[in-house]
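This report introduces a structure to a reader who has not met it before. Please view the sequence and the model together with the text that follows.

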Amino acid sequence: MNLKIQRIIFAILSIMTFTMIFIFSSQNGEKSGSTSRGFTRRIIEILQIDKHMEGEEKELFIENCQYVVRKLAHFTIYTILGINMM
């Protein structure tokens, strides 16, 4: 592939990543927490980690996992941006 075309593609991907960061950063705390909680809940359900958990125990587990998911999301989106910029 032509170097100029590659640069254009990665520039577009970088702009898209910048846009995603801006959109996520502009959410208030409640909306952001709700988004990450829903994502965490779906991942736990897909992996069936919560099979033997009930009510309050399950919610506490989701809350504890939510912190890790949020940090991984930050790491991932900035890693993608770094790769695109490289």
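Helices are DSSP runs of H or I with at least four residues, numbered from the N terminus. Tyr67 lies in helix α3, which covers residues 55-85. The model is predicted, with local features needing pLDDT of at least 70 and side-chain atom pairs counting only at pLDDT 80 or more, while totals for chains, interfaces and linings use all residues. Residues are numbered from 1 along each chain as its sequence is written, and side-chain values use heavy atoms, without hydrogens and water.

Relative accessible area places a residue as buried (under 20%), exposed (over 50%) or partly exposed (in between), with a 1.4 Å probe and protein chains only. The table lists three residues.

| Residue | Helix | Relative accessible area | Class |
|---|---|---|---|
| Ile12 | α1 (residues 3-25) | 47% | partly exposed |
| Gly38 | α2 (residues 29-47) | 33% | partly exposed |
| Tyr67 | α3 | 56% | exposed |

Helices α1 and α3 pack at an angle of about 155 degrees, their axes 9 Å apart; the axes are lines fitted to C-alpha atoms over the stretch in contact, and angles run from 0 to 180 degrees between N-to-C directions. α1 is therefore roughly antiparallel to α3, a term for angles over 145 degrees.

Two C-alpha separations add to the picture. Tyr67 and Thr19 are 48 residues apart in sequence and 23 Å apart in space. Gly38 and Gln66, 28 residues apart along the chain, have C-alpha atoms separated by 9.1 Å.

Technical notes: Helix = DSSP H or I, 4+ residues; strand = E, 2+ residues; numbered from the N terminus. Parallel < 35°, antiparallel > 145°, perpendicular 65-115°, else oblique.
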